[in-house]
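Okay, thanks for making time, everyone. I've got one structure to walk through today, so have a look at it first and then I'll talk.

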Amino acid sequence: MTMATQPKRYISPQEYLEIEREADFRSEYFDGEMFAMAGGSDDHAQITTNIAGEMRQRLKGKRCRVSAIDKRVNIPGAELYIYPDVIVLCSEPRHSPIDKDTLQNPTIVFEVLSPSTESYDRGKKFERYQSLDSLKEYLLVAQDTYRVERYKRQPSGDWLLSVFTSLSESIPFPELGCELPLSEIYLLVELT
């Protein structure tokens, strides 16, 4: 005798947002399913704090704003609601028509990689992010080695990969008039 598996119940974006508003913890939404977000490591938290703090300082007085961890992003038409580690927004915010607290037009997204989410961040999530016309750069930041991978949208629509692996390097953001040193990203992080 074989056991039939229960089909997963589809959750609409509206249901997800209602549940999320009342929840004690954050969840992401992907193709009709909710996924609870696990707590990050100390290094993950430190790297996220460093990036957000440094970008905010470097963009102070400019047209861009920086948000970390708690800013939800929706990719229209993709049934995806996510919480990037750090976002930079350099235009007027465009919010989801069904939720005024959900942003739909980040300019730059930083994701700090975790063993449990790395393949998702590199794969399905990045694939969906590419459909956002507003997104100009997607940065994947390792927490177990000094490594930042930057995917930058080219005028052709292709994505150019640059890899930074030395604490003496800085990631240039010429359109923003600043750069972000790896030494600041990894400040107070002791890699083994």
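Before I get going, a definition: I call something a salt bridge when a side-chain nitrogen of Lys or Arg sits within 4 Å of a carboxyl oxygen of Asp or Glu. And keep in mind that this is a predicted model.

With that cut-off, here's a pair to start with: E137 and R150 form a salt bridge, and their closest N and O atoms are 3.4 Å apart. E137 lies in strand β10, residues 137–141, and R150 in strand β11, so the pair ties together parts that are 13 residues apart in sequence. Are these two buried or exposed? E137 counts as buried at 4% relative accessibility, and R150 counts as buried too, at 7%. I use under 20% relative accessible area for that word.

Next up is E149, which also sits in β11, the strand running over residues 148–153. Which residue does E149 pair with at 2.7 Å? That's R122, with 2.7 Å between the closest N and O atoms. R122 belongs to helix α3, residues 118–122, so this bridge links parts that are 27 residues apart in sequence. E149 is buried, at 6% relative accessible area, while R122 is partly exposed at 32%.

E149 has another partner as well: R147 bridges to E149, with closest N and O atoms 2.9 Å apart. R147 is partly exposed, with a relative accessible area of 32%. Put the shared partners together and you get one network made of E118, R122, R147 and E149. For the whole structure, the search turns up 14 salt bridges, and I've only gone through a few.

Okay, over to the greasy part. The largest nonpolar core has 26 residues, and the ones touching the most other members are I51, M55, F110, V141, F173, L176 and I185. Where does that core come from? At least two residues each are supplied by α2 (42–59), β6 (86–89), β9 (108–112), β10, β13 (170–173), β14 (178–181) and α5 (182–185). Helix α2 gives the most, with five residues.

Let me zoom in on I51. Leaving out residues up to four places away in sequence, I51 touches V86, F110, V112, V141, L180 and I185. There's also a second, separate core of 19 residues, and V73, I75, L113 and W159 are among its members.

Last bit, the global numbers. The protein chain has five helices and 14 strands. A compact globule of 192 residues would have a radius of gyration near 16 Å, and this chain has 17 Å, which agrees. Along its principal axes, the C-alpha trace spans about 60 × 40 × 35 Å. Of the 192 residues, 44% count as buried. If you take contacts with a separation of 6 or more, 51% of them are between residues 24 or more positions apart. And for the surface people: the chain exposes about 10,600 Å², with carbon and sulfur atoms supplying 51% of it.

That's my tour, so over to you for questions.

Technical notes. Residues numbered from 1 in each chain as written. Predicted model: local features only at pLDDT ≥ 70, side-chain atom pairs only at ≥ 80, totals over all residues. Heavy atoms only, no water. Helix = DSSP H or I, 4+ residues; strand = E, 2+ residues; numbered from the N terminus. Buried < 20%, exposed > 50% of the residue type's maximum accessible area, 1.4 Å probe, protein only. Core = buried A, V, L, I, M, F, W, Y, C linked by side-chain atoms within 4.5 Å. Contact = heavy atoms within 4.5 Å. Rg over C-alpha atoms; globule rule 2.2 N^0.38 Å. Areas by Shrake-Rupley, 256 points an atom, 1.4 Å probe, with all protein chains shown as cover.
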